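Here's a quick briefing on a single chain, meant to be read with the model open beside it. The notes are grouped by topic, so feel free to jump around.

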Amino acid sequence: MRYRKIIKVLPVVLACIFIAHCLSGMEKPEQPGGVESKPYRYAPGDAARMEWDRGLFRLSLRARRFAQGNAVNAEIIITSKARLPRPHMEYDGRAVKLIKRDRGYGAMLAIAPDEKPGEKTITLSWERDGSRTIYNFYLTVRSTEFKKFTRAINLGRFSNISIVPSQEVLSFIEECSRKKREVFDESTSGVLKGPISHPRDAHFVTSPFWASRRYQRYRVAGGKRFYLKASTNAHSGVDLRGEVGDPVFAMAAGRIAIAEPMYYEGNYIVVDHGNRIFSSYMHLEGFAVKEGQNVKAGELIGHVGSTGLSTGAHLHVSFSIDGVPVDPISLLYTGLQ
Ligand SMILES: [Zn+2]
């Protein structure tokens, strides 16, 4: 009976451990809280670029690196006077959502952090008068050395998988999951536009994107601890240093899809940038915006805190493109205007 109960709550406890990566906040922040109120003017280094000229159009790509975990800004610039039909784009076999721009089309590609490095095909195609035109472009995707933490971390009571959350807590967790599914599954018609803003007023990464961490797990039986194989997870966003009350800014223009307390994320904001592109901000102290509100890039949306499963004040920010997580910092290199 007891084990059945443990098995029942195991996914919940594992999820707790999965989210409770935010130990980085234990480091002492270097900035006093709430002094600055403008987004950090992040000066990205050289971006990687690729461009192909096919006469009728040019395809240009820009990213921090063409490597795992990076966002890539793709632009199709129509150079001919001939009116081309709306193209269909695929990256590595996955359809990419195109948006109309002044001189052609734009798209944000996501190189998944767990994607196999190597040569990838970008396909542009259209149909006209019953015939199909196809252009293939080849992009070499490099691997990224994601940080690896080897020592298993003790998460205190969250390492104890025997703790059974109350029915009230379980219901709250379920309610939070439902809301997130609703928001992340929906594809709204908005368009991700530049500029891209840094989400904080200071740049100090305390835990990088896709860092892998190991967490101790044990169960208690007959008053004894039995250690299980440590669980491992990949950090789905970036942790940025900050003290309680420091400002948090929207990374790009969009609509506030979530601004409410959640079990794991604490006070949680999700900005919907349209076409299934989202930025998310966790563990906030408070909100400066309401759900449904439109925000601009660099607009104050909340304040750094340590709510939810967090052991110290910091900002966890994540960015996803059509369900694929990418390093939020990589967006700052895409030159999106
Ligand atoms: Zn984090």
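D246 is buried, with a relative accessible area of 1%, and its salt-bridge partner is R200, with 3.3 Å between the closest N and O atoms. R200 counts as buried too, at 1% relative accessibility. Keep in mind that this is a predicted model.

**The R200–D246 pair**
- R200 sits in the loop between α2 and β11, while D246 sits in the loop between β14 (238–241) and β15 (247–249).
- The two residues are 46 apart, and the pair links distant parts of the chain.
- Buried here means under 20% relative accessible area, so at 1% D246 makes the cut, and at 1% R200 does as well.

**Other salt bridges**
- How many salt bridges are there by this rule? The count comes to 17.
- As general background, side chains of opposite charge can pair when their charged atoms come close.
- R276 and D322 are another of these pairs, meeting at 2.8 Å from N to O.
- R276 is in the loop between β17 and β18 and D322 is in the loop between β22 (314–321) and β23 (324–326), so this salt bridge ties together parts that are 46 residues apart in sequence.
- R276 is partly exposed at 21% relative accessible area, and D322 is partly exposed at 30%.
- K120 and E115 also form a salt bridge, with their closest N and O atoms 3.7 Å apart.
- Are these two buried or exposed? K120 counts as buried at 6% relative accessibility, and E115 counts as buried at 7%.
- K120 and E115 belong to a salt-bridge network that also takes in D92 and R94.

**Backbone oddities**
- D92, from that network, has a phi near 55°, which is positive even though the residue is not a glycine.
- You'll find D92 in the loop between β4 (88–91) and β5 (94–96), where it is partly exposed with a relative accessible area of 33%.
- N275 is another non-glycine residue with a positive phi, at about 55°.
- N275 lies in the loop between β17 (266–272) and β18 (277–284), the loop that also holds R276.
- N275 has a relative accessible area of 19%, and the buried class covers anything under 20%, so N275 counts as buried.
- Which peptide bond is cis? The one from G194 to P195 is, with omega near -5°.
- P195 is in the loop between α2 (167–185) and β11 (205–207), which is also where R200 sits.

**The four-stranded sheet and L139**
- An open sheet of 4 strands runs in the order β5-β4-β8-β9, with antiparallel pairing.
- β5 and β9 are the edge strands, each pairing on one side only.
- From one strand to the next, the twist averages 25°.
- β8 (residues 118–128) and β9 run antiparallel and are joined by 11 bridges.
- L124 has Y135 in β9 as its bridge partner.
- L139 is part of β9 (residues 131–141) and counts as buried at 1% relative accessibility.
- Leaving out residues up to four places away in sequence, L139 touches M50, L61, F66, Y91, G118, E119, K120 and I122.
- L139 and T121 are 18 residues apart along the chain, and 6.3 Å separates their C-alpha atoms.

**The five-stranded sheet**
- Another open sheet has 5 strands in the order β1-β2-β3-β7-β6, again with antiparallel pairing.
- β1 (48–53) and β6 (99–101) are at its edges with a single partner strand each, so one side of each has no neighbour in the sheet.
- Its strand-to-strand twist averages 20°.
- β6 and β7 (residues 104–110) run antiparallel and are joined by 3 bridges.
- R101 has G104 in β7 as its bridge partner.

**The whole chain**
- The secondary structure comes to 2 helices and 23 strands.
- The chain has 337 residues, and 50% of them count as buried.
- About 16,400 Å² is exposed, with carbon and sulfur atoms supplying 50% of it.
- Take the contacts between residues at least 6 apart in sequence, and 70% of them join residues at least 24 apart.

Methods:
Residues numbered from 1 in each chain as written. Predicted model: local features only at pLDDT ≥ 70, side-chain atom pairs only at ≥ 80, totals over all residues. Heavy atoms only, no water. Buried < 20%, exposed > 50% of the residue type's maximum accessible area, 1.4 Å probe, protein only. Contact = heavy atoms within 4.5 Å. Areas by Shrake-Rupley, 256 points an atom, 1.4 Å probe, with all protein chains shown as cover. Pairing = 2+ DSSP bridges. Axes fitted to C-alpha atoms, helices over the stretch in contact; angles between N-to-C directions. Salt bridge = Lys/Arg side-chain N within 4 Å of Asp/Glu carboxyl O.
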